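The following exercises concern strand pairing, helix packing and backbone geometry. Please work through each task with the structure in view before reading its solution.

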Amino acid sequence: MTYSNIDDARREMSQTLNERSRQLSLPRALYNDPFLFRIDMEEVFMKEWLFVGMTCEVPKPGAYITVEIGQNPVLIVRDRDNQVRAFHNVCRHRGSRVCTADKGLVANLTCPYHQWTYDLKGNLLYAGTEMGDSFDKSEFGLKPAHCETAGGFIYVCLAEGEPPEIDDYLSELDAYMDPYDMENAKVAAESTLEENANWKLVIENNRECYHCSGSHPELLRTLLEWDDTTDPRATPEFKEYYARQAAEWDRERIPHKHVEFGLQNRIVRMPLKEGTAVMTMDGKPACRKKLGRIQNQNLGSMRILHLPNSWNHMQSDHAIVFMVQPISAQKTLVTTKWLVHKDAVEGVDYDVSRLRYVWDQTNKQDRELAEQNQRGINSTAYQPGPYSQTYEFGVINFLDWYTETVLKNLIHDSL
């Protein structure tokens with residue numbers, strides 16, 4: 001379908017989402033149409049809280065990282081009061097990016113174009129002597145973005161007004177992440193894959209393990225295909241094993257009760273396969289130093305879901321965090337970071353290739369699956385297909401959240 005303007009596309013998208021069946025995959029245009037992708041960016045990625053990085057990536061005042069949210073460059077920096085802040089990475093002079101590197105350490109933030117300089121709170125300090133006597137520096141600070149941190153995670157929201165409520169989730173995340181002390185972690189490895197697939201296909205693929213047995217031999221050496229004792233696939237033997245593990249976690253004051261915040265956020269701690277400790281090929285720890293105050297290497301995987309752009313695995317010796325960045329209707333970046341204790345020494349306490357091998361393989365396999373999915377959906381033969389209630393309930397939940405979010409924001413825009 002073609003649209004003459006964005007307003008027509010908005011009306012069509014609203015009608016399509018209102019009429020869609022919850023038990024079927026989405027109509028083709030929602031996976032490949034540039035107009036509808038633009039609406040996804042405007043109504044989801046410009047208005048919802050997004051995971052953008054870890055606080056340990058900005059460990060001291062002046063440390064910064066940069067990310068791209070659609071066409072919006074964003075800068076995250078720790079100021080001299082130790083607060084993590086987010087700004088639009090756009091100079092107030094003529095709009096150039098202020099920080100052009102992926103990360104760095106600076107005393108102040110200086111735009112390389114004409115050397116306008118801002119302090120770490122975004123205030124304009126210097127604009128040269130050429131702006132005239134009437135120029136008021138206080139009116140030209142960097143534009144801030146909403147920024148919150150919890151448990152070592154950094155979330156940013158680009159909404160112009162009040163952002164969505166997130167405090168309850170952040171409070172629980174702080175409590176669940178306390179044993180890991182992620183402020184004292186570091187990124188040991190990082191990768192970014194470009195996937196020729198719509199961002200929703202990337203998330204859908206993550207939200208089910210129906211495909212795992214046929215596609216992820218490395219991952220399934222340690223990972224169970226379900227993440228709840230109430231799952232119909234959970235065996236009596238597993239439930240007994242879970243009870244034993246839960247008792248060990250209680251003794252170490254490791255939180256493990258499953259918590260959910262609507263369909264957007266979920267924290268679940270689950271054991272890995274019995275006899276394995278972490279997600280490596282042999283199931284043995286990948287790093288000699290455990291994270292935070294952790295003593296028990298058998299913490300399983302604490303899985304943290306944050307829609308629309310992140311899933312994460314916390315383990316006793318290392319953490320793995322994922323960030324999804326939509327680029328176009330059929331292109332998405334998936335960034336993976338492996339984190340270890342900040343004092344762990346590469347080549348002594350951990351081997352990078354061993355640390356990342358399982359998820360490197362899994363990410364490549366998932367990229368192939370998502371890209372083949374996209375190519376099939378682009379066909380005129382595609383029509384929405386049925387989901388498995390047993391294996392794909394996570395996909396149903398994601399699309400329910402997506403539908404509710406887009407329709408809510410479309411209605412708000414029309415008021």
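**Exercise 1: A hairpin and its turn**

Val74 stands opposite His88 in S4. The model is predicted, so local features need pLDDT of at least 70 and side-chain atom pairs count only at pLDDT 80 or more, while totals for chains, interfaces and linings use all residues. Residues are numbered from 1 along each chain as its sequence is written, and side-chain values use heavy atoms, with hydrogens and water left out.

Task: Determine how strand S3 pairs with S4, and which residue in the turn has a positive phi.

Solution.
1. Helices (H or I, at least four residues) and strands (E, at least two) are DSSP runs numbered from the N terminus. Two strands pair if DSSP finds at least two bridges between them.
2. S3 covers residues 72-78 and S4 covers residues 84-88; they are antiparallel, with 5 bridges.
3. The two strands make a hairpin with 5 residues between them. The turn contains Asn82, whose phi is positive at about 70°.
4. Asn82 is not a glycine. Most residues other than glycine have a negative phi, and most peptide bonds are trans.
5. Asn82 counts as partly exposed because its relative accessibility is 47%. Here buried means under 20% relative accessible area, exposed over 50%, and partly exposed in between (1.4 Å probe, protein chains only).
6. In S4, 4 of the 5 residues are buried.
7. S4 also pairs with strand S9 (residues 144-150), in the antiparallel sense over 2 bridges. In that pairing Phe87 stands opposite Pro144.

**Exercise 2: The sheet of three strands**

Task: State the strand order of the open sheet that contains S6, and locate Gln115.

Solution.
1. The order is S6-S7-S8, and the pairing is antiparallel.
2. The edge strands, S6 (109-110) and S8 (124-126), each pair on one side only.
3. Between S6 and S7 (residues 117-118) there are 2 bridges, and Thr110 faces Thr117.
4. Gln115 lies in the loop between S6 and S7. Its phi is positive, about 65°, although Gln115 is not a glycine.
5. Gln115 has a relative accessible area of 40% and is therefore partly exposed.

**Exercise 3: The sheet of seven strands**

Task: Trace the sheet of 7 strands, and identify the helix that packs on it.

Solution.
1. The sheet is open, has antiparallel pairing, and follows the order S11-S17-S16-S15-S14-S13-S12.
2. Its edge strands are S11 (185-195) and S12 (259-261), each of which pairs on one side only.
3. From one strand to the next, the twist averages 15°. Axes are lines fitted to C-alpha atoms, for helices over the stretch in contact, and angles run from 0 to 180 degrees between N-to-C directions.
4. The packing helix is H8 (residues 352-377), which touches S11, S15, S16 and S17 and makes about 25° with the direction of S11. Contact means heavy atoms within 4.5 Å.
5. S14 (residues 301-306) is joined to S15 by 5 antiparallel bridges, and Arg303 has His313 as its bridge partner.
6. The loop between S14 and S15 holds Pro308. The peptide bond between Leu307 and Pro308 is cis, with omega about 20°.
7. S15 (residues 310-314) pairs with S16 over 3 antiparallel bridges, where His313 stands opposite Ile320. A hairpin of 4 residues joins S15 to S16.
8. S16 (residues 319-328) has 8 of its 10 residues buried.
9. S16 and S17 (residues 331-341) run antiparallel and share 9 bridges. Ala319 has Leu339 as its partner, and 2 residues separate the strands in their hairpin.

**Exercise 4: Two helices**

Task: Classify the crossing of H1 and H9.

Solution.
1. The axes of H1 (residues 6-19) and H9 (residues 393-414) come within 10 Å and cross at roughly 140°.
2. Angles under 35 degrees count as roughly parallel, over 145 as roughly antiparallel, 65 to 115 as roughly perpendicular, and the rest as oblique. H1 and H9 are therefore oblique to each other.
3. The crossing is left-handed, that is, the near helix is turned anticlockwise from the far one by less than a right angle.
4. Among the contact residues are Met13 and Leu17 in H1, and Val406 and Leu410 in H9.
5. By class, the contact has 6 nonpolar, 3 polar and 2 charged residues. Ala, Val, Leu, Ile, Met, Phe, Trp, Tyr, Cys and Pro count as nonpolar, Asp, Glu, Lys and Arg as charged, and the others, Gly among them, as polar.
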